[in-house]
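Work through the exercises below with the model open. Try each task before reading its solution.

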Amino acid sequence: MVTEACEAIGAREMKVRESDEPLGRISLSAGVAASRSRPPQELVEAAQAQLRRAKQPGAGPVAIESRMVGVSATS
């Protein structure tokens, strides 16, 4: 879904609303991180790291964290 949104935004020609003058295109990058069992600050830092990765040349618009977050079982 995130990749599709980035591609859809990048495909649009932006214009000035009042004059219809062309502005060009914009790009959108996103970082996706696993949230389960993580404190908010750690989650934000992980997402920011993925965003930095997505912004690197040739990386593509979306970087998804490969880290698997463990789920603890309770008995």
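The exercises run from confidence and fold to salt bridges, surface and backbone.

This is a predicted model, in which local features need pLDDT of at least 70 and side-chain atom pairs count only at pLDDT 80 or more, while totals for chains, interfaces and linings use all residues. Residues are numbered from 1 along each chain as its sequence is written, and side-chain values use heavy atoms, with hydrogens and water left out.

**Exercise 1. Confidence**

Task: State the average pLDDT of the chain and find where confidence is lowest and highest.

Solution.
- Start with the scale: pLDDT is the predictor's confidence in each residue, from 0 to 100.
- The chain averages 86, and 88% of the residues score at least 70.
- Residues 68–75 have a pLDDT below 50. Beyond near neighbours in sequence, that stretch has five contacts in the model. Contact here means heavy atoms within 4.5 Å.
- Now take the comparison that is given for the chain: α1 has the lowest confidence, at a mean of 90, and α2 the highest, at 94.

**Exercise 2. Fold**

Task: Give the order of helices and strands along the sequence.

Solution.
- Apply the assignment rule: helices (H or I, at least four residues) and strands (E, at least two) are DSSP runs, numbered from the N terminus.
- Count the elements: two helices and four strands.
- Read them along the sequence: α-β-β-β-α-β.
- Check the contacts with a separation of 6 or more: residues 24 or more positions apart account for 42% of them.

**Exercise 3. A buried glutamine**

Task: Decide whether Q50 is buried or exposed, and list its contacts.

Solution.
- Locate the residue: Q50 lies in helix α2, residues 40–54.
- Set the classes: buried means under 20% relative accessible area, exposed over 50%, and partly exposed in between (1.4 Å probe, protein chains only).
- Q50 has a relative accessible area of 10%, so Q50 is buried.
- Leave aside neighbours within four places in sequence. Q50 then touches A30, G31, V32, A63, I64 and E65.
- For the wider setting, 13% of the 75 residues of the chain count as buried.

**Exercise 4. Salt bridges**

Task: Find the salt bridges and say which residues form a network.

Solution.
- Recall the principle: side chains of opposite charge can pair when their charged atoms come close.
- Apply the cut-off: a side-chain nitrogen of Lys or Arg lies within 4 Å of a carboxyl oxygen of Asp or Glu.
- The whole structure yields three salt bridges.
- One joins R25 and E13, at 3.1 Å from N to O. R25 sits in the loop between β2 (22–24) and β3 (30–32), and E13 in the loop between α1 and β1 (14–15), so the pair ties together parts twelve residues apart in sequence. E13 is partly exposed, at 44% relative accessible area.
- Another joins E42 and R38, also at 3.1 Å from N to O. E42 belongs to helix α2. The two side chains also make a polar contact (3.1 Å). That term means a pair of N or O atoms within 3.5 Å; within protein, one must be able to donate a hydrogen and the other to accept it, and residues adjacent in sequence count only if both atoms are side-chain atoms.
- Compare the covers: E42 is partly exposed at 33%, whereas R38 is buried at 13%.
- E65 and R38 form a salt bridge at 2.8 Å, N to O. This pair links distant parts of the chain: E65 in the segment after β4 (62–64) and R38 in the loop between β3 and α2, 27 residues apart. Both E65 and R38 are buried.
- Join the bridges that share partners: R38, E42 and E65 make one network.

**Exercise 5. Surface**

Task: Which residues make the nonpolar surface patch of about 220 Å²?

Solution.
- Use the patch rule: residues have over 30% relative accessible area and no salt bridge; like charges are joined within 9 Å, nonpolar side chains (Val, Leu, Ile, Met, Phe, Trp, Tyr) within 5 Å.
- I9, I26 and L28 make the patch.
- I9 lies in helix α1, residues 2–11. At 31% relative accessibility, I9 is partly exposed.
- Areas come from the Shrake-Rupley method with a 1.4 Å probe; for residues, only the protein chains shown count as cover.
- The accessible surface of the chain is about 6000 Å², of which 53% belongs to carbon and sulfur atoms.

**Exercise 6. Backbone**

Task: Where do D20 and S37, both with positive phi, lie?

Solution.
- Start from the rule: most residues other than glycine have a negative phi.
- D20 has a phi of about 65° and lies in the loop between β1 and β2.
- S37 has a phi near 60° and lies in the loop between β3 and α2. S37 is exposed, at 64% relative accessibility.
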